Amino acid sequence: MTNHWNDLANTDCALIIGSNAAENHPMSFKWLTKAREERKAKIICVDPRFTRTAARSDIHAPLRSGTDIAFIGGLINYAIQKNKFQRDYVVRYTNAAFIVDDGYDFKDGYFSGWDPQKKTYANATWNFKKDDQGNFLKDETLENPRCVFQLLKKHYNRYDADTVCKVTGTPKEVYLKVCEAYTGTGQPNKSGTIMYAMGCTQHTVGSQNVRSYAMLQLLLGNIGVPGGGVQAMRGESNVQGSTDFGLLFHMLPGYISSPQATPEYALLADYLKKETPASGYWVNKPKFFTSLLKAWWGDKATAENDFAYHYLPKRDPKKNYSHIALFEAMYKGEIKGCFVWGGNPVVGGPNARKEAAALGKLDWLVCMDLFETETANFWSKEAGADPKTINTEVFMLPVAASYEKAGSISNSGRWCQWRYKAVNPPGEARDDLMLLHELALRLKRAYASSDKPQDEPIKHLFWDFGNDPHHPDIEIVAKEISGYDWTTKTQLKTFGDLKDDGSTVSGCWVYGGMYNGPAKENNRARNRKTEKEGIGQHLDWAFAWPVNRRILYNRCSADYDGKPWSEDKKLLWWDGSKWGGLDVPDFVPTKAPSDPGGTDPYIMQAHGKGGLFAVMAEGPFPEHYEPWESPVNQQPFSKVLVNPVAKVFETEKGDNTKFPYVGTTYRVCEHWQTGVLTRNTPWLAELMPHMFVEISPTLAQAKGIKNGDQVVVSSLRGEIKCYVIVTGRFQPLMIDGKPVEQVGMPWHYGFLGLAKGSVANHLTPHVGDANTTIPEYKAFLCDIRRAN
Amino acid sequence: MGEVAKLIDVTKCTACRGCQVACKQWHDLPTETTPDKTKFAGSYQSHPDLGPNTYTIIEFIENTNENGTQWHFKKTGCMHCTDAACILVCEKKALSKLENGIVYRDMAKCVGCGYCAQNCPFLVPKVNPKTEKATKCTLCENRVEAGLKPACVSTCITGALDFGPREKMLEIAKNRVATLQQQGMTKAQVYGEKELGGTHVIYVLGDAPEVYGLPADPQVPLSATLWQKYGKPLGAAAFCASLGTTLFAFFLNRKKDLAPKLHHHEGGKSHGV
Amino acid sequence: MAYSDNDRFPRFGKAARVVHLTHLVSFFVLFLTGMSLYFNFLSPLNLIFGGANAAKLIHRIAALVFFFGPVLAIILNPKGFALVLYQITHWRKEDFHFIARFFHKFFGQPHDVAPQGYLNGGQKLNTYLLGFGCLGLAFTGFVIWFPEYLPNWLVLWCYPLHSLLAPCLTAVVLGHAYLGSFHPGSGASWEAIWGGSLSRAFAEHHHAQWAQEVDIKLGRVKR
């Protein structure tokens with residue numbers, strides 16, 4: 001989230017797209033309800049189905065799953081055509097005025113640089129022109145036909161309401177209502193927020209979906225202001241934290257790219273040269289990176305040995321290490337062992353049957369969870385496997401629940417909040433840190449006597465987390481994350497104090513300053529003071545990275561001169577000598593608006609501006625492409641049907657004459673993820689006891705299906721049996737004049753636990769987003785029939 | 001505290017059902033059945049009705065028509081009426097009215113006759129066939145006594161549930177209805193202000209009560225009133241009159257020699273007693 | 001056959017007598033177990049049965065006996081039932097004559113008696129009161145026993161009906177019981193329900209017409 005949960009109360013209009021916030025992020029509706037009551041805010045729900053979110057929204061705009069870019073592209077077009085965008089914001093705070101490289105073009109569905117043989121893009125032309133001094137060329141009148149704004153206008157000119165609705169299936173009058181309501185937030189005294197979750201990201205164009213939201217927000221001047229922003233609502237309570245700490249395969253903690261096994265990354269100096277930009281806040285990357293290496297290898301990381309840079313594993317740039325790719329490799333027998341830590345791919349993974357089969361190729365598998373998972377039982381008869389043919393040795397380690405251990409979690413709003421242990425875990429369950437700690441210590445013991453250089457990364461691993469052989473001291477862990485001076489061992493105040501000479505340590509620079517002194521009270525994640533009056537920033541409650549900033553890019557909340565755009569939306573202002581207000585400034589607090597870079601709010605960007613034009617795998621502007629499995633054979637925006645750079649692992653795709661319906665998966669409020677926790681909790685199992693699929697009355701009639709029947713849903717990957725809910729909340733959408741039916745189902749169920757049911761992911765494909773390889777769970781082709 | 005009330009604003013409910021679980025947790029109630037014994041409902045609603053182990057449910061009321069789809073979520077449970085039919089018909093005085101308006105149930109006195117279950121205008125109490133006790137929402141009278149809010153209210157995320165002095169809840173409800181009407185929900189209304197002498201669970205409804213399955217004009221059943229106010233005294237009077245008369249006759253006749261004797265005469269009327 | 005002062009007048013078959021007895025017992029049990037729901041202060045009565053829930057169970061078992069006993073009697077002795085049916089549907093002026101003097105009889109006051117048949121006017125009336133009373137109690141009782149399967153309005157009205165019928169029927173039964181046991185004039189009728197027959201004196205006095213019919217039928221000629 002650029003903003004945070006409580007800040008939703010400050011919005012004038014919430015556009016919920018790719019999310020069923022009321023069901024899956026119920027707390028968001030505490031603040032949205034407040035906004036609605038106190039500010040008369042409008043809530044818009046864009047969703048293929050009528051959800052509990054839709055029930056509490058002012059407008060429900062249905063769209064066909066996988067057509068977000070068309071939907072948002074139309075909004076961008078509407079904002080530009082009807083002059084609803086916030087011009088002043090766009091001119092100075094975004095790269096709208098920048099002049100784009102002459103080679104850039106977009107034609108017939110492809111951006112410039114497309115290589116039809118290799119099926120990749122060379123993106124050199126997706127760049128800006130600079131003058132001789134290296135300054136970006138701009139036209140602040142936005143009239144230059146080669147400026148970003150004009151190219152943007154031209155690109156989305158094609159996304160008129162009629163064409164958009166032909167693709168999305170949204171009734172045009174509803175779509176125009178959404179356009180009118182949401183672009184109304186383009187006024188300086190209004191703000192709108194876009195809330196998204198997995199309904200947005202789990203597509204072959206997932207990253208570009210998010211991009212399109214961000215671009216719309218930039219145009220409407222909605223980023224960096226209270227009640228604005230783009231809100232990534234995380235699927236688990238600590239996904240934000242795990243992402244910050246290097247969850248993604250190409251990232252080290254703190255969003256630092258991991259080095260690759262190429263000559264460009266041979267030495268630390270090479271890495272730093274390659275990864276450090278010339279301008280923007282990332283110029284400090286060497287400080288963050290060096291402090292991270294120091295945290296990992298301590299005294300063994302010295303200036304002489306490149307701070308042990310050579311200990312870091314280097315990834316093969318040709319390889320993909322994402323979830324799907326790992327299971328593909330496992331399926332091919334390339335992986336020997338696997339730790340599944342709080343995961344359940346046999347239920348939650350795409351093409352889950354294949355993933356279960358892949359596990360059977362392992363020598364050993366360790367599963368760690370609160371209850372026995374389907375993954376730990378992938379070999380059983382219930383899983384549809386033949387135990388005799390599987391040789392994988394499976395270990396199941398019971399772990400503690402969140403109330404049974406202390407530590408921090410970071411919520412979607414980047415608030416790192418300390419939690420205290422309430423009860424001991426039952427039986428042999430141990431908390432995760434303990435398992436990790438013992439594993440590390442035992443590995444270190446195992447390699448202690450080795451002389452081999454390749455064992456040094458483990459042998460020399462700096463692991464000094466107290467004297468308890470079983471449990472690390474989590475205060476020490478937190479202190480290391482925050483950062484300290486290596487020599488004096490004093491905690492640093494912010495990440496601004498980090499150095500690139502090996503004198504400082506930080507486990508994750510974005511959390512710098514979270515623990516800014518020696519005492520427990522200095523652990524700001526423990527802060528628990530609520531705001532008495534104000535706009536709900538609660539600066540003394542928990543710690544928000546970076547530097548306790550609650551709203552990112554908050555320079556944008558004030559105009560060029562440093563005055564808030566409006567009294568109602570004031571956040572920060574320049575008082576003549578410094579910035580002050582209701583948040584921690586997102587830049588040097590003494591930098592005057594008139595100083596160089598004084599109107600560059602997006603400090604992480606080399607050019608300091610919001611990226612209306614930015615480099616992504618598919619191109620600089622999001623373009624509508626159909627889901628990999630689509631009910632249509634052509635689309636009006638171009639001849640290119642599917643994202644040309646999507647990560648496709650499947651060899652065969654479903655035919656829309658055999659599988660004519662759009663299938664999608666989702667979660668319900670009552671269950672969580674693969675249901676391991678909730679399907680084993682009697683009170684929750686009671687609320688949603690059965691796996692079901694939802695279809696429209698028209699589809700039910702066509703198929704002779706009645707509400708409550710048992711049905712079989714099939715895709716090219718397999719079929720599942722479950723109950724059916726026939727409901728008016730599902731309606732066929734008119735796609736280019738033809739009705740297209742949608743079939744939706746929760747993916748929580750598996751074959752163990754109190755509430756059991758078929759695994760929806762037996763239907764989903766091994767196909768991923770071009771930038772992140774997030775699986776396309778949300779749009780695939782399927783068929784449905786009565787079970788008997 | 002004077003009279004208290006729980007406010008249920010159905011227009012704010014997102015049907016997360018935290019209240020359902022919080023209720024079970026506070027009262028330590030088991031599930032009604034296990035999933036494998038549950039018939040698929042064909043809806044998101046967890047229980048078709050309240051149950052002996054389920055004091056509150058969210059009813060999912062779905063309606064698709066030419067105006068699109070409406071999906072209403074209505075929290076259902078005891079209304080804690082002032083004119084409580086359940087108290088009227090409870091022969092064991094297991095149900096009683098607390099000063100703060102809560103309809104208190106004394107499980108020790110309950111014999112599970114089910115009179116309350118049938119006579120409640122909202123059909124709320126349920127008899128547990130195992131324990132033979134009628135159960136219903138207690139409005140967490142023990143929490144309220146300790147200065148806490150009912151479990152369901154304390155867990156409600158969106159503010160659809162509130163609890164406090166009845167007058168204050170009514171005021172909030174009326175203000176909310178005014179807001180809703182301004183926003184175009186012309187049929188928005190408060191439910192429970194006057195109904196059954198004023199209930200201690202008050203609804204803010206976005207539409208007519210019938211839309212939410214609530215009776216527009218709930219009444220203590222006429223049969224219950226006739227029964228308790230007239231039927232029982234009348235029956236008791238008839239019994240007592242008969243008993244008295246019989247006893248009177250018994251003592252009157254006790255010493256009399258009225259035994260039939262053989263009369264050796266032909267035909268005609270026999271005389272005697 | 002010769003007439004004798006010691007002649008007996010066969011009145012009730014075995015089935016009827018057994019059923020009457022069980023009916024009597026079940027009625028009493030129903031009365032005792034029902035009372036505590038009627039008057040809360042009588043709750044200690046339940047202790048006899050082992051608590052309120054046991055009392056409820058016993059009330060229901062007794063209700064089954066109470067209802068199915070007579071049904072069984074009708075099946076076992078359809079002729080007897082036919083006789084009763086015939087009797088109660090054929091009223092004579094003597095019956096009304098009897099009823100008009102009921103209270104004289106009840107309170108032991110002198111009065112004249114018109115010759116009565118197998119059932120006298122009072123018994124005919126009693127049969128109606130008890131018959132319909134029992135049927136009503138049984139019906140309303142079963143309705144409130146199984147409320148979940150029946151429309152709520154029906155259940156609701158059965159509560160007051162059951163609750164009103166029970167004491168009213170008890171009132172009638174009290175009179176009936178007194179007349180049939182301790183009443184010095186008619187108390188000897190218990191012999192009929194206990195042993196099956198009546199004495200000549202009783203029969204001729206209370207059921208003169210019927211006694212005559214029996215004598216003729218049995219050929220008991222007075223010499």
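How many residue pairs in polar contact (both at pLDDT 80 or more) does the rule find across the interface of chain C and chain B? There are 13, a polar contact being a pair of N or O atoms within 3.5 Å; within protein, one must be able to donate a hydrogen and the other to accept it, and residues adjacent in sequence count only if both atoms are side-chain atoms. This is a predicted model, where local features need pLDDT of at least 70 and side-chain atom pairs count only at pLDDT 80 or more, while totals for chains, interfaces and linings use all residues. Residues are numbered from 1 along each chain as its sequence is written, chains are lettered from A and ligands numbered from 1 in the order in which they are written, and side-chain values use heavy atoms, with hydrogens and water left out.

Staying with chains C and B, the contact (heavy atoms within 4.5 Å) draws 49 residues from chain C and 49 residues from chain B. Together the two bury about 4400 Å², 62% of it on carbon and sulfur atoms; buried area here is the accessible area (1.4 Å probe) that two parts lose on being put together, summed over both. On the chain C side, Leu37(C), Tyr159(C) and His205(C) supply 14% of the buried area, more than any other three residues. Just one salt bridge turns up at this interface, the term meaning a side-chain nitrogen of Lys or Arg within 4 Å of a carboxyl oxygen of Asp or Glu. Lys56(C) and Glu132(B) meet in a salt bridge at 2.8 Å, N to O.

Now for chains A and B. Here 41 residues of chain A meet 36 residues of chain B, and the pair buries about 3200 Å², with 62% on carbon and sulfur atoms. In chain A, the biggest losers of area are Arg56(A), Trp683(A) and Glu686(A), together 23% of what that side buries. Glu686(A) also forms a salt bridge with Lys24(B) (2.9 Å, N to O), and the count between these chains is five salt bridges. Polar contacts link 18 residue pairs, both at pLDDT 80 or more.

As for the interior, the largest nonpolar core has 94 residues. Such a core is a set of buried Ala, Val, Leu, Ile, Met, Phe, Trp, Tyr and Cys residues joined through side-chain atoms within 4.5 Å, buried meaning under 20% relative accessible area (1.4 Å probe, protein chains only). Among the members touching the most others are Ile784(A), Tyr44(B) and Phe122(B). Apart from this core lies another, of 76 residues, including Tyr159(A) and Tyr602(A).

Definitions and conventions
Buried means under 20% relative accessible area, exposed over 50%, partly exposed in between (1.4 Å probe, protein chains only).
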